[in-house]
Amino acid sequence: MARATTTLAKGAGRTITFEDRDDWGSGFIGAVTIGNTSDTAAIGWTIEFDLANAITNIWNAEIVSHVGTHYVIRNLSYDATIAAGGSVSFGFQASGGSPALPTSFVLNGTTIGGATTPPPPPPPPPPLPTIAIADASVDETGAATLSETFTVTLSSVSTTPVTVRFHTVDGTAHAGSDYDARSGTLTFAAGQTTQTVTIATHPGATGRSAFTVVLDTPSGATLADASATGTIVNPPPVVPTISVAGATVDESGGGTGSTLLPAGFLSTRGNQIVDSQGHAVKIAAVNWYGMETSLFAPQGLWTQNYQSMMRQMAELGFNAIRLPFSLQAFEAGSTPNGIDYGKNPDLKGLSALQILDKIVTYAGQIGLKIILDDHRSAAGSGPNGDGLWYDGGYTEAQWISTWKMLATHYAGNGTVVGADLLNEPHGSATWGDGSATDWAAAATRAGNAIQSVNPDWLILVEGIDTYQGNSTWWGGNLMGAKDHPITLNVANKLVYSPHDYPASVYPQSWFSAADYPNNLPAVWDKYWGYLYETGAAPVLVGEFGSKLQTASDQAWIAKLVDYMNHPGGVGGVEGVSWAYWDWNPTSGDTGGILKDDWVTVDQTKLDAITPGMYHADGAPPTEVDFTVTLSQPTTTPVTVHYATVDGTAKAGVDYVATSGDLTFAPGETTKIVAAHLLADPAATGQMQFLLALSTPSGGTLGTASATATLVHGTTPSPTPMPTPTPTPTPTPTPSPIGSASLHVDNDWGSGLTATVTVANGGTNATHGWQVEIDTADLITNVWNGTILSHVGSAYVIGNASYNADVAGGGSTSFGFQATSTPNAALTAHLLKLGA
């Protein structure tokens with residue numbers, strides 16, 4: 001196409017030439033030359049003109065605005081000056097060919113046209129809105145990836161779309177490692193005044209770093225604030241504290257040994273459950289529910305690590321877990337949930353059966369047994385609504401098939417020892433009548449099916465609720481077993497398993513009898529106790545529990561625990577086994593062994609059932625366990641060194657010295673240090689030794705030492721901690737009848753042990769004493785005494801039951817362990833001596 005050059009305008013010492021340099025029909029290359037015909041240089045230039053074609057690219061100048069057909073173009077930094085008699089040029093590419101060339105220009109606010117007298121200037125275009133972007137900041141505490149959101153605003157509403165490009169620029173923060181680089185175009189639709197740019201950020205080194213988001217190439221607006229700073233804050237990590245807790249063990253034997261059951265499977269002999277060697281044992285279990293619900297996992301995993309809770313169960317004296325499940329839990333699509341994977345990282349992505357495997361594996365490591373309980377068919381709470389083992393959604397074949405799957409899966413695994421075939425048959429369930437609802441017949445079929453693939457399990461059969469007009473708790477009526485006993489193909493594996501509850505759950509008639517609670521043994525004899533008393537089979541009470549908030553409930557549990565120890569006066573080597581309902585604090589009827597924080601033990605409940613705990617017959621414990629805890633889970637390993645320290649118990653004589661390093665893997669919060677005990681036939685009373693922590697890495701020390709107390713004999717005698725380097729600091733507080741003096745026995749910097757001697761200054765014997773200890777430190781353990789109160793820095797310590805009496809002119813003592821602060825005051829004075 002022929003090239004055309006047209007001088008379009010001149011005046012005011014300027015000329016403007018517009019050229020269509022290359023035109024190919026659908027576009028053209030244009031050039032504009034601004035000449036300076038004056039005798040002085042021109043500094044800076046802005047030119048305006050109307051052009052119907054869309055400019056798509058420009059060089060040696062920049063577009064300030066483009067509204068409709070009107071363009072505003074200005075110089076760049078290097079061509080702002082037009083010398084006298086000189087000129088500058090810029091070029092551009094536009095769409096469409098054969099353009100209608102502009103006939104009028106505005107140069108630096110002056111209209112320049114072809115006529116000698118320029119026409120009046122056109123009305124100014126409406127003011128363009130401005131675009132601004134605001135700073136943003138993000139705190140990366142505890143996050144793997146977060147994002148920063150930058151807000152981009154338009155100063156006023158536009159009737160046409162407005163666009164602007166953006167891109168990120170490194171600062172002290174670097175793309176790829178600290179944030180994800182981004183670029184793109186934002187579009188404000190007509191009427192819209194706000195848009196956002198979101199940039200993903202990543203945690204890095206502690207401190208602050210920053211990057212910039214830059215705006216450019218606006219269309220339909222001008223830039224007011226073209227850049228914003230994105231700040232990434234990486235605060236110092238929260239350092240967990242490491243603490244250790246001790247324990248007290250009774251080394252005297254005589255039935256007060258380990259509460260755990262021997263390794264291997266269990267069987268029955270008469271009314272006793274026996275181990276693989278034929279020794280009578282007692283199952284003292286706790287129910288831990290949740291897998292039968294739509295969680296498809298035991299409850300509480302949102303708060304605690306599963307291993308920590310299981311360890312706590314064993315430490316409290318339980319030797320087994322009754323673990324409820326639903327048939328639905330093992331079906332495809334039943335995804336476990338309600339789990340904090342930060343606290344339970346090894347459970348992430350597992351199925352219900354795989355989580356069960358983890359629980360079984362750890363139970364085996366710490367000596368707990370598992371009893372599986374088919375609590376219901378479909379996921380939910382409580383037993384099946386119709387009280388049967390089949391319903392509209394699940395058949396008997398599915399029920400038996402699930403049991404055979406589990407029995408095969410755990411065959412040969414001595415941790416899983418029993419199958420509770422069905423939770424709380426009731427309603428239309430019958431016993432021994434041969435009908436389709438005959439629970440005794442169904443239990444026999446299921447038990448034999450399990451034994452066909454796994455003959456080692458105990459088979460637990462619950463009762464029904466009503467038999468021949470006699471009604472009790474769901475699953476609690478085993479009267480029919482007298483005339484229609486369960487007979488399995490593999491002998492010596494049957495255990496009957498009733499349930500029993502107090503008046504707060506339901507006001508059964510016997511709770512209002514005039515002779516309550518003394519009438520309870522006869523009630524239990526009637527419904528299930530007779531099976532034990534006659535030697536027909538062992539009994540395991542599969543559920544019993546209460547919030548123990550009423551006198552009636554308290555009387556019930558005391559009577560039941562005593563009855564299970566000596567049912568019907570028959571007694572036996574171990575009595576009736578049991579599984580307390582329950583571990584979880586979420587049970588509406590009973591609450592749990594744990595309080596609502598899923599950590600603190602409800603001591604009232606534990607004290608009520610402790611008399612029924614199992615203790616290995618005559619076998620003293622062979623180790624004492626120190627529990628080392630991390631205040632919170634971490635994402636990196638934490639290590640700490642540990643070592644035993646002699647007290648009155650001596651390494652090589654009373655225990656085996658141990659030392660080493662513990663490592664908490666990410667997510668772990670509990671570790672056990674086991675110190676092996678040595679039999680010392682000469683030992684009497686109480687002796688102590690310590691486990692001290694030191695050299696932490698990835699954490700700080702909280703409670704840095706703990707005491708193991710070894711008790712010999714049934715009447716402990718006070719034995720103070722040793723004084724390897726005595727530093728006596730007696731602080732007697734005289735009174736008219738006696739005094740209390742304090743002696744620091746051992747101070748290792750972060751903690752100390754001390755003995756307080758209570759002296760009777762009179763001639764008559766006294767009964768009972770109280771001492772106040774004033775210290776800013778924390779008393780973590782007391783022996784031969786009891787903490788009665790702790791207010792501020794004042795502790796009141798009272799006598800134990802066995803050292804309340806102080807002869808005239810005589811004395812007694814108690815000891816304590818506390819944290820230690822250099823130069824802190826530590827005093828004791830006698831508050832009370834005698835009633």
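Arg 322 is a good place to start in this predicted model: with a relative accessibility of 1%, which is under the 20% cut-off, this residue counts as buried. Two acidic partners reach its side chain. Glu 462 meets Arg 322 in a salt bridge with an N to O distance of 3.2 Å, and Glu 543 forms another with Arg 322, where the closest N and O atoms are 3.0 Å apart.

Both pairs bring together distant parts of the chain. Arg 322 sits in strand β28 (residues 320–326), while Glu 462 belongs to the loop between β31 and β32 (466–467), 140 residues away. Glu 543 lies in the loop between β35 (540–541) and α6 (551–565), 221 residues from Arg 322.

Are these acidic partners buried or exposed? Glu 462 has a relative accessible area of 0% and is therefore buried. Glu 543 is buried too, just as Arg 322 is.

Another salt bridge joins Asp 602 and Lys 605. Asp 602 has 15% relative accessibility, so this residue counts as buried; Lys 605, at 4%, is buried as well. Returning to Arg 322, salt bridges with shared partners tie Arg 322, Asp 373, Asp 420, Glu 462 and Glu 543 into one network. How many salt bridges are there in total? The count comes to 12.

Here are the three pairs described above, side by side.

| Salt bridge | Closest N to O distance |
|---|---|
| Arg 322 – Glu 462 | 3.2 Å |
| Glu 543 – Arg 322 | 3.0 Å |
| Asp 602 – Lys 605 | 3.9 Å |

Let us turn to helix α4. This helix covers residues 439–453, 15 residues in total, and spans 22 Å from first to last C-alpha, close to the 21 Å expected at 1.5 Å a residue. Its N-terminal end is capped by Asp 438, which places a side-chain oxygen 3.1 Å from the backbone nitrogen of Ala 440.

Which residues of α4 are buried? Among them are Trp 439, Ala 440, Ala 443, Gly 447, Ile 450 and Gln 451. An α-helix has 3.6 residues a turn, so residues three or four places apart point the same way. The cover over the buried residues of α4 includes α3 (396–409), β30 (416–420) and β31.

Stepping back to the whole protein, there are seven helices and 53 strands. Of its 835 residues, 49% are buried. Among contacts with a separation of 6 or more, 71% come from residues 24 or more positions apart. The protein exposes about 34100 Å², and carbon and sulfur atoms supply 54% of that area.

Finally, a word on confidence. The average pLDDT of the protein is 87, and 89% of the residues score at least 70. Confidence is highest in strand β31 (residues 458–461), at a mean of 98, and lowest in strand β1 (residues 4–11), at 64. Over residues 114–119 the pLDDT falls below 50, and this stretch has four contacts in the model beyond near neighbours in sequence. Residues 714–736 also stay under 50, although the model gives them 60 contacts beyond four places in sequence. Where pLDDT is low, the predicted coordinates should not be read in detail.

How values were computed: Residues numbered from 1 in each chain as written. Predicted model: local features only at pLDDT ≥ 70, side-chain atom pairs only at ≥ 80, totals over all residues. Heavy atoms only, no water. pLDDT = per-residue confidence, 0-100. Helix = DSSP H or I, 4+ residues; strand = E, 2+ residues; numbered from the N terminus. Contact = heavy atoms within 4.5 Å. Expected span 1.5 Å × (residues − 1). Buried < 20%, exposed > 50% of the residue type's maximum accessible area, 1.4 Å probe, protein only. Polar contact = N/O pair within 3.5 Å; in protein donor to acceptor, adjacent residues only side chain to side chain. Salt bridge = Lys/Arg side-chain N within 4 Å of Asp/Glu carboxyl O. Areas by Shrake-Rupley, 256 points an atom, 1.4 Å probe, with all protein chains shown as cover.
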